[in-house]
Amino acid sequence: MLVTHDGAATLRRTVAALVAQVGVTLDLVAVDNASTDGTAALLVELLGADRVVVADQDLGLPAGVDLALDAVDARDARDGRRGVAGDDLVLIVHDDLELA
């Protein structure tokens, strides 16, 4: 999960690095913490609207992570899947992190 606030300047590179990972299957969900720089629209462009949660205020990282987990669980429950379970690996990424 990617939690961001005003991260439009670095998001393309961050998302590209995540998508380029080899040997893993990512179910990427992003939370925009009330950005004012176009971050939410960019995330929708890069990931699709179903993978982006837009908060109406800057909640900070911990609450942003909770919001993303809630969104994944709600989506998976709706789709008949099990949601985030104890055996899943959850990677928390900020908008300026670039994985190698």
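Me: A salt bridge is a side-chain nitrogen of Lys or Arg within 4 Å of a carboxyl oxygen of Asp or Glu. What makes the pair of aspartate 27 and arginine 51 a salt bridge?

Reply: The closest N and O atoms of aspartate 27 and arginine 51 are 2.4 Å apart, and the limit is 4 Å, so the pair qualifies. The model is predicted: local features need pLDDT of at least 70, side-chain atom pairs count only at pLDDT 80 or more, and totals for chains, interfaces and linings use all residues. Residues are numbered from 1 along each chain as its sequence is written, and side-chain values use heavy atoms, with hydrogens and water left out.

Me: Where along the chain are aspartate 27 and arginine 51?

Reply: Aspartate 27 is in the loop between H1 and strand S2 (30-33), and arginine 51 is in the loop between H2 and strand S3 (52-55). They are 24 residues apart, so the pair links distant parts of the chain. Helices (H or I, at least four residues) and strands (E, at least two) are DSSP runs, numbered from the N terminus.

Me: Why are aspartate 27 and arginine 51 called partly exposed?

Reply: Buried means under 20% relative accessible area, exposed over 50%, and partly exposed in between (1.4 Å probe, protein chains only). Aspartate 27 has 40% and arginine 51 has 26%; both values fall in the middle range, which gives the label.

Me: How many salt bridges does the rule give?

Reply: The count is two. In the pair of arginine 12 and glutamate 45, N and O are 3.0 Å apart. This pair also links distant parts of the chain, with arginine 12 in helix H1 (residues 8-19) and glutamate 45 in helix H2 (residues 39-47), 33 residues apart.

Me: Is glutamate 45 buried or exposed, and what is its relative accessible area?

Reply: Glutamate 45 has 55%, which puts it in the exposed class. Its partner arginine 12, at 46%, is partly exposed.

Me: How do you know that S1 and S2 pair?

Reply: Two strands pair if DSSP finds at least two bridges between them. Strand S1 (residues 2-4) and S2 have three bridges in the parallel sense, so they meet the rule. In this pairing threonine 4 stands opposite aspartate 32, and valine 3 stands opposite valine 31. S2 and S3 are also parallel, over four bridges, with asparagine 33 opposite alanine 55.

Me: What is the strand order, and which strands are at the edge?

Reply: The open sheet of four strands runs S3-S2-S1-S4, with parallel pairing. The edge strands are S3 and S4 (93-94), because each pairs on one side only.

Me: Which way do the residues of S2 point?

Reply: Ala30 and Asp32 point one way, Val31 and Asn33 the other, and all are buried. In a regular strand the side chains alternate between the two faces of the sheet.

Me: What makes a β-α-β unit right-handed here?

Reply: With the strands pointing away from the viewer, the path from the first strand over the helix to the second must run clockwise. The unit of S1, H1 and S2 is right-handed, and so is that of S2, H2 and S3.

Me: Why is leucine 61 eligible for a nonpolar patch?

Reply: Patches take residues with over 30% relative accessible area and no salt bridge; nonpolar side chains (Val, Leu, Ile, Met, Phe, Trp, Tyr) are joined within 5 Å, like charges within 9 Å. Leucine 61, in helix H3 (residues 60-78), has 41%, so it passes the area cut-off. Leu61, Val90 and Ile92 together have about 230 Å² of accessible area, from the Shrake-Rupley method with a 1.4 Å probe.

Me: What makes the approach of serine 35 to aspartate 6 a polar contact?

Reply: A polar contact is a pair of N or O atoms within 3.5 Å; within protein, one must be able to donate a hydrogen and the other to accept it, and residues adjacent in sequence count only if both atoms are side-chain atoms. The backbone nitrogen of aspartate 6 lies 2.5 Å from a polar side-chain atom of serine 35, so the distance satisfies the limit. Serine 35, in the loop between S2 and H2, is buried at 19%.

Me: How far is the side chain of threonine 14 from the backbone oxygen of aspartate 95?

Reply: The distance from that oxygen to a polar atom of the threonine 14 side chain is 2.6 Å, so it is also within the limit. Threonine 14 is in helix H1 and, at 2%, is buried.
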